[in-house]
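Here's a quick walk through this model, from its domains to its ligand shell and a couple of odd backbone angles. Have a look first.

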Amino acid sequence: MKGIIFNVAEKAVVELLGEDAWDDLLEDAELDGDYTALGTYPDEELLALVSAAAVRTGHDPGDVQRLVGRHALPHLVASISDFLEPDLDVFEFLASVHSIIHVEVKKLDPNAQPPDVIPERVSDDELRLTYRSTRGLSPLAEGLILGAGDHFGQPVELEVLSGDGTEAVISVKRDSEAQRSAA
Ligand code: HEM
């Protein structure tokens with residue numbers, strides 16, 4: 001896993017649990033934590049940090065991934081401000097992850113292996129995303145999607161239509177009525 005994912009997870013953990021929390025997790029997981037954005041590190045290290053956070057907080061590991069993903073998304077977006085089109089709505093952003101964002105990620109770093117996040121527009125208010133990766137981090141994907149709703153000011157609700165971690169079909173719905181009347 002690329003170091004940038006550890007870096008944005010650290011930011012999320014500090015936001016959620018406080019300044020010392022990341023160091024505490026590194027200590028629990030017996031890791032030195034020297035992650036640079038372009039380095040590549042064993043996936044097991046991320047999973048060990050998730051387990052350590054689960055033990056400390058009492059959340060299950062899936063919920064830890066969701067929380068961390070949700071709070072990490074703005075930091076990932078900030079890292080690609082160079083090529084992210086302005087004025088995207090949340091569905092346009094999510095639909096661009098597969099065809100643009102993860103493609104650019106691979107161009108910049110051929111060693112990167114981002115997951116498939118394949119979009120299918122079902123209706124004006126629903127997008128389906130199919131997550132596929134041998135890493136089995138679909139709860140992290142759910143968190144990132146929720147974080148996109150927060151970040152783009154268009155809250156979304158998720159329903160996992162099918163999935164086993166390595167492949168999941170996630171229905172993403174936005175409430176246009178509520179958003180129109182709030183506007
Ligand atoms: C809501 C939008 C996004 C979703 C659902 C998503 C999903 C994921 C997930 C779940 C992973 C973990 C690896 C795996 O499961 O195989 C991942 C990895 C990654 N993503 Fe995304 N992502 C999103 C947006 C972004 C953005 C905005 C960036 C911009 C930098 C980005 C860059 C990366 C990188 C660099 C990796 C690491 C790949 C590797 O370690 O080889 N993603 N993504």
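Keep in mind that this is a predicted model.

Let's start with two loop residues. Asp87 sits in the loop that links helix H4 (61–79) to helix H5 (90–108), and its phi is near 60°, a positive value in a residue other than glycine. Glu30 is a similar story: phi is near 55°, again positive and again not in a glycine. Its loop runs between helix H2 (21–29) and helix H3 (43–57). Are these residues buried or exposed? Glu30 is exposed, because just 9 other C-beta atoms fall within 10 Å, and Asp87 counts as exposed because it has 5 C-beta neighbours inside 10 Å.

| Residue | Phi | C-beta atoms within 10 Å |
|---|---|---|
| Glu30 | near 55° | 9 |
| Asp87 | near 60° | 5 |

Now the ligand. It's surrounded by 27 residues, with Lys2, Pro115, Ser133, Arg135 and Leu137 the closest. By type, that shell splits into 21 nonpolar, four polar and two charged residues. Helix H1 (3–17), H4, H5 and helix H6 (138–151) each put at least two residues into the shell.

As for the overall layout, the protein divides into domain 1 (3–69) and domain 2 (80–182), with C-alpha centres 22 Å apart. Where they touch, domain 1 brings nine residues and domain 2 brings 11 residues. On the domain 1 side, H4 gives the most, with six residues. That side of domain 1 divides into three nonpolar, four polar and two charged residues.

Conventions. Residues are numbered from 1 along each chain as its sequence is written. This is a predicted model: local features need pLDDT of at least 70, side-chain atom pairs count only at pLDDT 80 or more; totals for chains, interfaces and linings use all residues. Helices (H or I, at least four residues) and strands (E, at least two) are DSSP runs, numbered from the N terminus. A residue is buried if 20 or more other C-beta atoms lie within 10 Å of its own, exposed if 12 or fewer, and partly exposed in between; C-beta atoms are placed from the backbone. A residue is near a molecule or strand if its C-beta atom, placed from the backbone, lies within 6 Å of it. Ala, Val, Leu, Ile, Met, Phe, Trp, Tyr, Cys and Pro count as nonpolar, Asp, Glu, Lys and Arg as charged, and the others, Gly among them, as polar. Domain bounds come from an automatic or database domain assignment. Two residues are in contact if their C-beta atoms, placed from the backbone, lie within 7 Å.
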